[in-house]
Amino acid sequence: MPTTSSSPNSKAFFSHFRYEGKDDFYSNNELSSNQFYNPILPGFYPDPSICKKGDDFYLVTSSFSFFPGIPIFRSTDLMHWQQLGHVLNRPDHLNLEGLDISQGIFAPDISYNKANDSFYLICTLVGGIENFLVKAKDPAGPWSDPILLPEIEGFDPALFFDEDGKAYIVHNSTPDEKSRYDGHRTIRMWEYDVAMDKVIGEGKIIVNGGTDLSKNPIWIEGPHLYKIEGKYYLMCAEGGTAENHSEVIFRSKEVGGSYMPYEQNPILSQRQLNPKREKPITCTGHADMIEDKNGKWWGVFLGCRPYDDDCFNTGRESFLVPVSWKNGWPLFLETDRKVELIQENTGLPSTNNAADCVPNGNFIHTDNFDSEELIADWNFIRTPYNKCYVINTKQKRLELESLPVNIRDFGQPAFIGRRQQHTNFEAQVELDFHPSKDQEAAGLVCFQNEAHHFFFGKLQDDGRIFLQLEKAVPYENGVAKVLIEKSELFAEGSIKLKIEGKGRYYDFYYSLDAENWIIFGENIDARLLSTMVAGGFVGTYIGMYASSNH
């Protein structure tokens, strides 16, 4: 089990956490009344899946090894999304202990079954219990305990409820024969017994390799099945989740196949466009689609906003575009069209209070820690079996215990973070921390993974107190701390810390009087926080951290 904390460790007190988006695009391009910004969910919200009940749409995204797992959102207009909470919000629901940050929850699929008025969420816990589903009458929860699906190997399962009451699971799987090439995968289908909540029969491969096996297509995955005007459509991602990512479509007269690919595939990709285009959106794919009450179709998908040389620190984000139909096939975008950061209004009425929705564009969000529960923005690294924080609503601060786990360990550190949602941003917090022994540390962390992050805060070393800025980098079979700046602190009061992101470069400031900011690290190369450098599938988190063993 996770390491428990020891009582003598110091506590770090954080107050007035403030995040502000500062992207020039939003400042220079205000919306008219009939427009909305893409991405609809900025920051690390990848692999969107969508369903509806009545006039309400529900959307979920991957969460990998962050806790709580699987953020879930509600909207009536598809543009503004209110977070209802998380599907997997109890430690007994989601064991992420010891997992790599890019393991954990992959590609959840949400669906609604009219026959029993229930919502289903099916996904893969990579490195853990693998494929499972949970159910709920209310998408805000509570959700059932996980129902394991041991027959299903691979990942990215999705549920489909047919009109005759039968249900099917489609998922990424290995070929029956030996793989012909690296990245050779298949899509397999199983029948699912809704009454018994179990897979029945044998799995059947319905797509082998991808749209054209002779061309060695890679990583056919993320399948979704639809029945539209009497025909069955199977939509999948293909090409891997980097710049060659795409979305492809197949069609069949029968649910079991045979599924024939669309001759004009892919129906969504940006790989064919000029890489030097202005404000590119890359890596588009892993899509889902939904019909609104007016008979219009919409597609959600992941995409990335690089700032330089395919580097992006914000992770893979969720976008929305209208879906057109061409000769009986859905089309997200013509091959010569780029994803636009501003889209025309969906025309659907919104019943969401704007203040309750995930903010978009440039915004300022401050948490004064005046609520007894953490707001949904905040996440932990892995499952927090031992609570390490208290919200002191009287003094309006978050009290974080210094755990012996540090931010470079594959454990559960005392870290509470929120997503970086802009290429240009500012994050600041007030820290009151008085370490009592060497290697106790607390401050802000910009976290991509254990081997790619920044720490900026107070630390005791050789009995003296320092303000320290460091980065983590891979070293041989482990992680090395690289000192960027270190200065002894003599003031005993609280200190304010601020990080300003400017694309590739971050500036680090501190203030001892809450008025005058002093630069501590300027133009620090932050590409180590990009997926291009760090690898994996997540985006940067900015958060509060404390350790007794830093």
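Where is the place of Lys498? Select Lys498 in this predicted model and you will find yourself in strand 36, which covers residues 495-502. Next, check its surroundings. Lys498 has a relative accessibility of 7%, so it counts as buried, the cut-off for that label being under 20%. To see what surrounds Lys498, leave out the neighbours within four places in sequence and show its contacts: Glu426, Ala427, Gln428, Phe456, Asp507, Phe508, Tyr509 and Trp517.

Now move to another stop: select residues 167-173, which make up strand 13. How many of its seven residues are buried? The count is seven of seven, and the strand is mostly covered. In a regular strand, side chains alternate between the two faces of the sheet. Colour the two sides separately here: Ala167, Ile169, His171 and Ser173 lie on one side, while Tyr168, Val170 and Asn172 lie on the other. Both faces are covered.

With strand 13 still selected, add its partners. Strand 12, residues 155-161, pairs with strand 13 in the antiparallel sense over five bridges. Pick out Phe161 and you will see Ala167 of strand 13 opposite. Then follow the chain around the hairpin that these two strands form, with five residues between them. Pause in the turn at Gly165, where phi is positive, at about 95°.

Finally, select residues 186-193, which are strand 14. Strand 14 and strand 13 are also antiparallel, and they pair over seven bridges. Which residue of strand 14 is the bridge partner of Ala167? Highlight Tyr192 to see that partner. Ala167 thus makes a good place to end: Phe161 stands opposite, and Tyr192 is its bridge partner in strand 14.

Notes:
Residues are numbered from 1 along each chain as its sequence is written. This is a predicted model: local features need pLDDT of at least 70, side-chain atom pairs count only at pLDDT 80 or more; totals for chains, interfaces and linings use all residues. Side-chain values use heavy atoms; hydrogens and water are left out. Buried means under 20% relative accessible area, exposed over 50%, partly exposed in between (1.4 Å probe, protein chains only). Helices (H or I, at least four residues) and strands (E, at least two) are DSSP runs, numbered from the N terminus. Two strands pair if DSSP finds at least two bridges between them. Contact means heavy atoms within 4.5 Å.
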